[in-house]
Amino acid sequence: MTQPSRPPRPRVLSGIQPTADSFHLGNYLGAVRQWVAMQDTHDAFYCVVDLHAITVPYDPALLRRRTRIAAAQLFAAGLDPERCTVFVQSHVAEHTELAWVLGCLTGFGEASRMIQFKDKSAKGGAEQASVGLFTYPVLQAADILLYQANQVPVGEDQRQHLELTRDLAQRFNHRFGQVFTVPGPYILADVAKINDLQDPAAKMSKSSSSPQGIVDVLDESGVIRKKIARAVTDAGTDIRADEAAKPGVTNLLRIYSALAGVSVAELEASHGNVGYGTFKRELAELVVDTFAPVRERTEKMLADETELDRLLAQGASRASRVARETMALVRDRIGLLLPLPAG
Ligand code: TRP
(Lines give C-alpha, C1' and ligand atoms only; values in the text may rest on other atoms or scores of the structure.)
Protein backbone atom coordinates (compact mmCIF):
# COMPACT_ATOMS: atom_id res chain seq x y z
CA MET A 1 0.00 0.00 0.00
CA THR A 2 1.29 3.40 -0.83
CA GLN A 3 1.09 6.18 1.72
CA PRO A 4 -0.52 9.34 0.43
CA SER A 5 2.41 11.70 0.21
CA ARG A 6 2.09 14.60 2.61
CA PRO A 7 2.91 18.02 1.23
CA PRO A 8 6.09 19.34 2.81
CA ARG A 9 5.55 21.72 5.67
CA PRO A 10 6.26 25.37 4.98
CA ARG A 11 9.65 26.47 6.24
CA VAL A 12 9.80 29.27 8.81
CA LEU A 13 12.76 31.15 10.15
CA SER A 14 12.78 33.70 12.90
CA GLY A 15 15.37 35.32 15.13
CA ILE A 16 15.59 36.95 18.53
CA GLN A 17 18.39 39.07 19.98
CA PRO A 18 20.25 38.03 23.15
CA THR A 19 20.37 41.54 24.53
CA ALA A 20 18.79 41.14 27.96
CA ASP A 21 19.02 38.94 31.04
CA SER A 22 15.52 37.71 30.34
CA PHE A 23 12.86 37.85 27.66
CA HIS A 24 9.92 39.99 28.71
CA LEU A 25 6.18 39.52 28.44
CA GLY A 26 6.09 41.33 25.10
CA ASN A 27 8.73 39.00 23.62
CA TYR A 28 6.96 36.00 25.07
CA LEU A 29 3.50 36.77 23.69
CA GLY A 30 4.77 38.43 20.51
CA ALA A 31 7.33 35.86 19.45
CA VAL A 32 8.28 32.93 21.65
CA ARG A 33 4.79 31.57 22.14
CA GLN A 34 4.09 31.68 18.38
CA TRP A 35 7.36 29.90 17.71
CA VAL A 36 6.36 27.08 20.03
CA ALA A 37 3.02 26.72 18.26
CA MET A 38 4.63 26.68 14.81
CA GLN A 39 7.05 23.84 15.48
CA ASP A 40 4.29 21.32 14.83
CA THR A 41 2.90 22.91 11.68
CA HIS A 42 6.10 24.15 10.08
CA ASP A 43 9.65 23.13 9.35
CA ALA A 44 10.96 25.64 11.84
CA PHE A 45 14.38 27.27 12.26
CA TYR A 46 14.86 29.59 15.22
CA CYS A 47 17.97 31.57 15.67
CA VAL A 48 19.53 33.51 18.56
CA VAL A 49 20.97 36.42 16.58
CA ASP A 50 24.15 37.26 18.46
CA LEU A 51 25.71 39.00 15.44
CA HIS A 52 22.82 41.45 15.40
CA ALA A 53 23.44 42.14 19.08
CA ILE A 54 26.97 43.44 18.41
CA THR A 55 25.74 46.24 16.14
CA VAL A 56 25.50 48.46 19.23
CA PRO A 57 28.01 48.84 22.11
CA TYR A 58 28.01 45.73 24.33
CA ASP A 59 30.02 43.74 26.85
CA PRO A 60 31.57 40.49 25.50
CA ALA A 61 31.16 38.40 28.67
CA LEU A 62 27.58 39.55 29.01
CA LEU A 63 26.83 38.72 25.36
CA ARG A 64 28.05 35.14 25.84
CA ARG A 65 26.01 34.79 29.01
CA ARG A 66 22.89 36.27 27.42
CA THR A 67 23.20 34.05 24.37
CA ARG A 68 22.95 31.00 26.64
CA ILE A 69 20.12 32.60 28.64
CA ALA A 70 18.17 33.29 25.45
CA ALA A 71 18.63 29.74 24.16
CA ALA A 72 17.75 28.20 27.54
CA GLN A 73 14.54 30.23 27.71
CA LEU A 74 13.54 29.10 24.23
CA PHE A 75 13.91 25.46 25.18
CA ALA A 76 12.27 26.08 28.56
CA ALA A 77 9.31 27.79 26.89
CA GLY A 78 8.67 24.64 24.87
CA LEU A 79 10.84 24.57 21.76
CA ASP A 80 11.73 20.94 21.35
CA PRO A 81 15.08 20.19 19.66
CA GLU A 82 13.48 17.08 18.17
CA ARG A 83 10.72 19.08 16.49
CA CYS A 84 12.51 22.26 15.41
CA THR A 85 16.00 23.63 14.89
CA VAL A 86 17.29 26.09 17.49
CA PHE A 87 20.74 27.53 16.88
CA VAL A 88 23.06 30.47 17.43
CA GLN A 89 23.53 32.66 14.37
CA SER A 90 27.33 32.99 14.68
CA HIS A 91 27.68 29.19 14.71
CA VAL A 92 26.77 29.16 11.04
CA ALA A 93 29.37 31.26 9.21
CA GLU A 94 27.29 31.41 6.02
CA HIS A 95 25.10 34.13 7.58
CA THR A 96 27.89 36.69 7.35
CA GLU A 97 29.07 35.40 4.00
CA LEU A 98 25.65 35.77 2.40
CA ALA A 99 25.20 39.15 4.10
CA TRP A 100 28.25 40.42 2.19
CA VAL A 101 26.86 39.22 -1.13
CA LEU A 102 23.43 40.72 -0.44
CA GLY A 103 25.07 43.93 0.75
CA CYS A 104 26.57 44.27 -2.71
CA LEU A 105 23.06 44.10 -4.17
CA THR A 106 21.61 46.64 -1.74
CA GLY A 107 21.49 50.28 -2.71
CA PHE A 108 23.01 52.75 -0.27
CA GLY A 109 19.86 54.82 -0.57
CA GLU A 110 17.71 51.77 -0.09
CA ALA A 111 19.48 50.90 3.16
CA SER A 112 19.30 54.55 4.25
CA ARG A 113 15.52 54.39 4.19
CA MET A 114 15.28 51.75 6.93
CA ILE A 115 13.22 53.26 9.74
CA GLN A 116 14.69 51.11 12.50
CA PHE A 117 18.18 52.35 11.65
CA LYS A 118 16.99 55.93 11.63
CA ASP A 119 15.32 55.44 15.03
CA LYS A 120 18.22 53.61 16.64
CA SER A 121 20.93 55.86 15.23
CA ALA A 122 18.99 59.00 16.16
CA LYS A 123 19.37 58.06 19.83
CA GLY A 124 23.15 58.36 19.97
CA GLY A 125 23.55 60.62 16.95
CA ALA A 126 24.05 59.18 13.45
CA GLU A 127 27.78 59.89 13.68
CA GLN A 128 28.05 57.38 16.56
CA ALA A 129 26.12 54.58 14.83
CA SER A 130 28.17 51.68 13.47
CA VAL A 131 28.21 50.50 9.87
CA GLY A 132 27.02 47.18 11.31
CA LEU A 133 23.89 48.86 12.60
CA PHE A 134 23.40 50.33 9.13
CA THR A 135 23.66 46.94 7.42
CA TYR A 136 21.68 45.12 10.14
CA PRO A 137 18.70 44.55 7.79
CA VAL A 138 20.97 42.97 5.18
CA LEU A 139 22.23 40.44 7.72
CA GLN A 140 18.62 39.78 8.65
CA ALA A 141 17.82 39.15 4.99
CA ALA A 142 20.70 36.68 4.87
CA ASP A 143 19.32 34.86 7.95
CA ILE A 144 16.04 34.37 6.18
CA LEU A 145 17.17 33.62 2.61
CA LEU A 146 19.86 31.10 3.59
CA TYR A 147 17.12 28.75 4.81
CA GLN A 148 14.75 29.32 1.88
CA ALA A 149 12.09 30.30 4.40
CA ASN A 150 8.51 30.56 3.14
CA GLN A 151 7.35 32.52 6.17
CA VAL A 152 8.96 34.76 8.75
CA PRO A 153 6.93 35.21 11.92
CA VAL A 154 7.74 38.74 13.04
CA GLY A 155 5.87 41.69 14.47
CA GLU A 156 4.68 44.73 12.63
CA ASP A 157 7.89 46.61 13.47
CA GLN A 158 9.84 44.24 11.18
CA ARG A 159 7.65 44.75 8.12
CA GLN A 160 10.13 46.98 6.33
CA HIS A 161 13.04 44.57 6.90
CA LEU A 162 10.93 41.78 5.49
CA GLU A 163 10.08 43.87 2.44
CA LEU A 164 13.79 44.49 1.88
CA THR A 165 14.41 40.75 2.18
CA ARG A 166 11.79 40.04 -0.47
CA ASP A 167 13.24 42.71 -2.76
CA LEU A 168 16.76 41.32 -2.39
CA ALA A 169 15.59 37.76 -3.08
CA GLN A 170 13.78 38.85 -6.22
CA ARG A 171 16.69 41.01 -7.37
CA PHE A 172 19.16 38.16 -6.91
CA ASN A 173 16.94 35.64 -8.67
CA HIS A 174 16.38 38.03 -11.56
CA ARG A 175 20.07 38.80 -11.98
CA PHE A 176 21.61 35.40 -11.35
CA GLY A 177 18.81 32.87 -11.84
CA GLN A 178 16.40 31.30 -9.39
CA VAL A 179 18.13 30.56 -6.09
CA PHE A 180 16.06 32.05 -3.28
CA THR A 181 12.56 31.40 -2.06
CA VAL A 182 10.83 34.76 -1.74
CA PRO A 183 9.34 34.71 1.76
CA GLY A 184 5.72 35.68 2.20
CA PRO A 185 4.94 38.85 4.11
CA TYR A 186 4.03 36.95 7.24
CA ILE A 187 3.16 39.46 9.90
CA LEU A 188 1.75 38.27 13.18
CA ALA A 189 -1.36 40.37 12.97
CA ASP A 190 -3.55 38.93 15.69
CA VAL A 191 -0.75 38.89 18.20
CA ALA A 192 -1.36 40.99 21.26
CA LYS A 193 0.45 44.30 21.27
CA ILE A 194 1.85 44.53 24.79
CA ASN A 195 2.70 47.92 26.25
CA ASP A 196 4.78 49.12 29.18
CA LEU A 197 3.02 48.79 32.57
CA GLN A 198 4.26 52.21 33.68
CA ASP A 199 3.88 53.96 30.33
CA PRO A 200 0.96 52.20 28.61
CA ALA A 201 1.24 54.41 25.53
CA ALA A 202 4.65 52.87 24.73
CA LYS A 203 5.48 49.36 23.61
CA MET A 204 6.99 47.08 26.28
CA SER A 205 10.65 47.22 25.35
CA LYS A 206 13.96 46.66 27.06
CA SER A 207 15.10 50.09 25.90
CA SER A 208 12.30 51.78 27.82
CA SER A 209 13.09 53.78 30.92
CA SER A 210 11.88 51.91 34.00
CA PRO A 211 12.26 48.18 34.76
CA GLN A 212 8.99 48.45 36.71
CA GLY A 213 7.13 48.69 33.42
CA ILE A 214 8.47 45.38 32.10
CA VAL A 215 7.50 41.92 33.30
CA ASP A 216 10.37 39.53 32.69
CA VAL A 217 9.90 35.83 32.05
CA LEU A 218 12.63 35.12 34.61
CA ASP A 219 11.29 37.48 37.30
CA GLU A 220 10.64 35.88 40.70
CA SER A 221 6.91 35.42 41.31
CA GLY A 222 6.92 38.08 44.06
CA VAL A 223 8.43 40.59 41.65
CA ILE A 224 5.81 39.81 39.01
CA ARG A 225 3.00 40.33 41.52
CA LYS A 226 4.46 43.65 42.64
CA LYS A 227 4.95 44.96 39.10
CA ILE A 228 1.38 44.13 38.12
CA ALA A 229 -0.05 45.54 41.36
CA ARG A 230 1.76 48.81 40.62
CA ALA A 231 0.82 48.97 36.96
CA VAL A 232 -0.55 52.35 35.96
CA THR A 233 -4.33 52.30 35.72
CA ASP A 234 -6.70 55.03 34.74
CA ALA A 235 -9.37 57.22 36.26
CA GLY A 236 -12.63 55.46 37.06
CA THR A 237 -13.17 51.94 38.33
CA ASP A 238 -14.68 50.01 35.43
CA ILE A 239 -12.69 47.50 33.47
CA ARG A 240 -13.17 48.09 29.80
CA ALA A 241 -10.98 48.51 26.73
CA ASP A 242 -10.62 52.09 25.62
CA GLU A 243 -7.25 52.85 24.07
CA ALA A 244 -7.63 56.61 24.36
CA ALA A 245 -9.30 57.04 27.75
CA LYS A 246 -7.99 53.94 29.53
CA PRO A 247 -4.66 52.85 28.01
CA GLY A 248 -3.44 51.21 31.24
CA VAL A 249 -6.49 49.02 31.77
CA THR A 250 -6.67 48.25 28.06
CA ASN A 251 -3.11 46.95 28.14
CA LEU A 252 -3.85 44.74 31.17
CA LEU A 253 -6.96 43.40 29.42
CA ARG A 254 -4.89 42.48 26.39
CA ILE A 255 -2.34 40.65 28.50
CA TYR A 256 -5.07 38.77 30.37
CA SER A 257 -6.82 37.91 27.11
CA ALA A 258 -3.65 36.58 25.47
CA LEU A 259 -2.67 34.45 28.46
CA ALA A 260 -6.13 33.09 29.27
CA GLY A 261 -7.23 32.58 25.67
CA VAL A 262 -10.47 34.53 26.14
CA SER A 263 -11.44 37.60 24.19
CA VAL A 264 -11.25 41.12 25.61
CA ALA A 265 -15.02 41.42 25.10
CA GLU A 266 -15.64 38.33 27.23
CA LEU A 267 -13.36 39.73 29.93
CA GLU A 268 -15.23 43.03 29.91
CA ALA A 269 -18.44 41.08 30.47
CA SER A 270 -17.08 38.85 33.23
CA HIS A 271 -14.78 41.33 34.99
CA GLY A 272 -16.19 44.76 34.19
CA ASN A 273 -17.12 45.50 37.80
CA VAL A 274 -14.68 43.50 39.91
CA GLY A 275 -12.45 46.52 40.50
CA TYR A 276 -8.84 47.16 39.57
CA GLY A 277 -7.37 45.41 42.63
CA THR A 278 -9.11 42.09 42.07
CA PHE A 279 -8.47 42.19 38.35
CA LYS A 280 -4.78 42.82 38.85
CA ARG A 281 -4.46 40.04 41.42
CA GLU A 282 -6.06 37.54 39.06
CA LEU A 283 -3.88 38.72 36.20
CA ALA A 284 -0.75 38.43 38.36
CA GLU A 285 -1.55 34.80 39.17
CA LEU A 286 -2.07 34.08 35.49
CA VAL A 287 1.35 35.51 34.63
CA VAL A 288 3.02 33.72 37.55
CA ASP A 289 1.45 30.39 36.54
CA THR A 290 2.74 30.87 33.01
CA PHE A 291 6.25 32.07 33.81
CA ALA A 292 7.23 30.18 36.99
CA PRO A 293 7.65 26.81 35.21
CA VAL A 294 9.59 28.49 32.39
CA ARG A 295 11.89 30.16 34.91
CA GLU A 296 12.49 26.89 36.74
CA ARG A 297 13.30 25.01 33.54
CA THR A 298 15.54 27.85 32.35
CA GLU A 299 17.51 27.78 35.60
CA LYS A 300 17.92 24.03 35.32
CA MET A 301 19.21 24.32 31.76
CA LEU A 302 21.63 27.10 32.66
CA ALA A 303 23.01 24.96 35.47
CA ASP A 304 24.21 22.44 32.86
CA GLU A 305 26.02 24.47 30.22
CA THR A 306 27.60 21.39 28.67
CA GLU A 307 24.21 19.96 27.80
CA LEU A 308 22.87 23.33 26.64
CA ASP A 309 25.92 23.83 24.39
CA ARG A 310 25.45 20.32 23.04
CA LEU A 311 21.85 21.07 22.05
CA LEU A 312 23.03 24.24 20.33
CA ALA A 313 25.77 22.38 18.49
CA GLN A 314 23.19 19.91 17.26
CA GLY A 315 20.99 22.79 16.07
CA ALA A 316 23.95 24.46 14.35
CA SER A 317 24.84 21.27 12.55
CA ARG A 318 21.31 20.90 11.16
CA ALA A 319 21.21 24.57 10.18
CA SER A 320 24.65 24.37 8.57
CA ARG A 321 23.55 21.60 6.25
CA VAL A 322 20.89 23.86 4.74
CA ALA A 323 23.05 26.99 4.80
CA ARG A 324 26.00 25.31 3.05
CA GLU A 325 23.78 24.11 0.25
CA THR A 326 22.31 27.55 -0.40
CA MET A 327 25.70 29.24 -0.17
CA ALA A 328 27.35 26.82 -2.61
CA LEU A 329 24.68 27.68 -5.16
CA VAL A 330 25.12 31.41 -4.51
CA ARG A 331 28.92 31.26 -4.95
CA ASP A 332 28.55 29.46 -8.22
CA ARG A 333 25.84 31.76 -9.60
CA ILE A 334 27.56 35.03 -8.76
CA GLY A 335 30.72 33.95 -10.58
CA LEU A 336 33.15 33.22 -7.78
CA LEU A 337 35.96 30.88 -8.81
CA LEU A 338 35.30 27.70 -6.87
CA PRO A 339 38.48 26.62 -5.08
CA LEU A 340 39.83 23.11 -5.56
CA PRO A 341 39.78 21.13 -2.35
CA ALA A 342 43.13 21.60 -0.60
CA GLY A 343 45.55 18.67 -0.68
N1 TRP B 1 15.38 42.17 13.66
C2 TRP B 1 14.62 41.19 14.39
C3 TRP B 1 14.00 41.87 15.62
O4 TRP B 1 14.52 42.85 16.09
C5 TRP B 1 15.48 40.03 14.83
C6 TRP B 1 15.93 39.19 13.66
C7 TRP B 1 17.19 39.04 13.19
C8 TRP B 1 15.09 38.40 12.85
N9 TRP B 1 17.22 38.19 12.16
C10 TRP B 1 15.96 37.77 11.90
C11 TRP B 1 13.72 38.16 12.82
C12 TRP B 1 15.44 36.92 10.91
C13 TRP B 1 13.22 37.31 11.83
C14 TRP B 1 14.08 36.70 10.89
O15 TRP B 1 13.01 41.39 16.12
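The questions and answers below concern a predicted model, and they look at the surroundings of its ligand and at some of its aromatic pairs.

Q: What makes the contact between Tyr136 and the ligand a polar contact?
A: A nitrogen atom of the ligand is 2.8 Å from an N or O atom in the side chain of Tyr136, and because a polar contact is a pair of N or O atoms within 3.5 Å, this pair counts as one. The side chain of Gln140 also has an N or O atom 3.0 Å from a nitrogen atom of the ligand, and a polar side-chain atom of Gln158 lies 3.0 Å from a ligand nitrogen atom. Taken alone the ligand exposes 370 Å², and the protein buries 87% of that.

Q: Which elements give two or more residues to the shell around the ligand?
A: They are β1 (11–16) and α8 (136–146), and the largest share, four residues, comes from α8. By class, the shell has six nonpolar, five polar and one charged residues.

Q: Why is the pair of Tyr28 and Phe291 called edge-to-face?
A: The planes of Tyr28 and Phe291 stand 80 degrees apart, with 5.2 Å from centre to centre; because rings pair if their centres lie within 6.5 Å and planes over 60 degrees apart count as edge-to-face, the name applies to this pair. The pair links distant parts of the chain, with Tyr28 in helix α1 (residues 25–38) and Phe291 in helix α13 (residues 276–302), 263 residues apart.

Q: How do you know whether Tyr28 and Phe291 are buried or exposed?
A: Tyr28 has a relative accessible area of 10% and Phe291 has one of 1%; since buried means under 20%, Tyr28 is buried, and Phe291 is buried as well.

Q: Why is the pair of Phe108 and Phe134 called tilted?
A: The planes of Phe108 and Phe134 are 40 degrees apart, and because planes under 30 degrees apart count as stacked, those over 60 as edge-to-face and the rest as tilted, this pair is tilted. Phe108 lies in helix α5 (residues 108–112) and Phe134 in helix α7 (residues 131–134), so the pair ties together parts that are 26 residues apart in sequence.

Q: What makes Phe108 count as exposed and Phe134 as buried?
A: Phe108 has 64% relative accessibility, and because exposed means over 50%, Phe108 counts as exposed. Phe134, at 15% relative accessibility, falls under the 20% limit for buried, and therefore Phe134 counts as buried.

Terms used. Residues numbered from 1 in each chain as written. Predicted model: local features only at pLDDT ≥ 70, side-chain atom pairs only at ≥ 80, totals over all residues. Heavy atoms only, no water. Polar contact = N/O pair within 3.5 Å; in protein donor to acceptor, adjacent residues only side chain to side chain. Areas by Shrake-Rupley, 256 points an atom, 1.4 Å probe, with all protein chains shown as cover. Nonpolar A, V, L, I, M, F, W, Y, C, P; charged D, E, K, R; others polar. Phe/Tyr/Trp six-rings, centres within 6.5 Å; stacked < 30°, edge-to-face > 60°. Buried < 20%, exposed > 50% of the residue type's maximum accessible area, 1.4 Å probe, protein only.
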